[in-house]
Amino acid sequence: MKRVKLLEEAVGSGASELRNLAQREDWENAEAVHDELRAAILRNELPAGMILNQVHVARRLGVSRTPLREAFRMLQREGLIEGESNKRMRVAGLSLAGLEDLYAMRILLEGLAIRLTVPRLSNEGLSALRDLLKEMEKFAQIEDYEAWEVPHRRFHAGLVQYAGDRQRSEIVKLSEHADRYRRAYTTEAPRAWAKGIKEHKAILDACVQRDPLAAADRLARHYSSVVLGLLGMLAPEHEPVAVRTAMRMLVSESSKENNR
């Protein structure tokens, strides 16, 4: 399994990594080029720190420089690449600030979304979540991240399925941006596979018990485990203020609900 490059590790020109990109002659527009590059970055096929030379990327994709420049601008606005010069960009590194921002936002937004969803989950919906968890367990046993991620994404989507359209759209975007951090934690943190399955089971148990407050609390603790697990490997001295604040806000709201 390819090791995920953490934080700001330097990577070379990435000639071998560019071979992961599709080579076509019929790119529709800059958005299609952007989507190809974005997916490769989020899957860590273009790893953090890798230099993206416009000439080399254009040649590999089979696209002209104009749509590629626009695709680069779109990726830069998303924070996925950083400028080094007019012709060279670099895949943004995984940062402590980025880790905290993403997971603090996920805790608050998905904490609300799961509280809206749990009371409306049907027996069929709960059965679907159980089936997805079984698939996750199967792939976790063999530590196949790519296969595990498919039911994992569907499981989390099921937990927030009755939130509003805009909420769910933002949740999907945050989940996609969190993929590089999630991949690093799951594949490199000690006991992450077993711990993750245990936490997902606890979330599902709260859903089955029709307890939206417990479900939100367990989801938040699950996300905080990812942050603390990565910090334990990368920067044990770092205090994740944003994540702890988000956790306190969620727990505080839950306490108020219980006291009504």
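In this predicted model, helix α4 is followed by G79, a residue whose phi is positive, near 80°. The helix that precedes this glycine spans residues 65-77 and thus comprises 13 residues; from its first C-alpha to its last, α4 reaches 18 Å, which is close to the 18 Å expected at 1.5 Å a residue.

The residues of α4 are distributed around its axis according to their exposure. P67, L68, A71, F72, M74 and L75 are buried, and because they cover an arc of only 160° around the axis, they are placed on the same side of α4. The face turned away from this buried side carries T66 and R77, both of which are exposed. On the buried side, the packing partners come from several elements of the chain: the buried residues of α4 pack against the helices α2 (30-42) and α3 (54-61), and likewise against the strands β1 (51-53), β2 (81-83) and β3 (88-91).

A second feature concerns the aromatic side chains, for which a search of the whole structure finds three pairs. In one of them, the rings of Y145 and W148 have their centres 5.5 Å apart and their planes at 45°, so this pair is tilted. Both residues belong to helix α7 (residues 145-159), where Y145 and W148 lie three residues apart, a separation of about one turn of the helix. Y145 has a relative accessibility of 3% and therefore counts as buried, the cut-off being under 20%. W148, at 6% relative accessibility, also counts as buried.

W148 takes part in a further aromatic pair, formed with W193, which is edge-to-face, with 5.5 Å from centre to centre and 85° between the planes. This pair links distant parts of the chain, since W148 lies in helix α7 whereas W193 lies in helix α10 (residues 192-208), 45 residues apart. At 10% relative accessibility, W193 counts as buried. Taken together, Y145, W148 and W193 form one aromatic cluster, in which W148 is tilted relative to Y145 and stands edge-to-face with W193.

Technical notes:
Residues are numbered from 1 along each chain as its sequence is written. This is a predicted model: local features need pLDDT of at least 70, side-chain atom pairs count only at pLDDT 80 or more; totals for chains, interfaces and linings use all residues. Side-chain values use heavy atoms; hydrogens and water are left out. Helices (H or I, at least four residues) and strands (E, at least two) are DSSP runs, numbered from the N terminus. The expected span of a helix is 1.5 Å times one less than its number of residues. Buried means under 20% relative accessible area, exposed over 50%, partly exposed in between (1.4 Å probe, protein chains only). The arc is that of the directions from the helix axis to the C-beta atoms. Contact means heavy atoms within 4.5 Å. Rings of Phe, Tyr and Trp (its six-membered ring) pair if their centres lie within 6.5 Å; planes under 30 degrees apart count as stacked, over 60 as edge-to-face and the rest as tilted.
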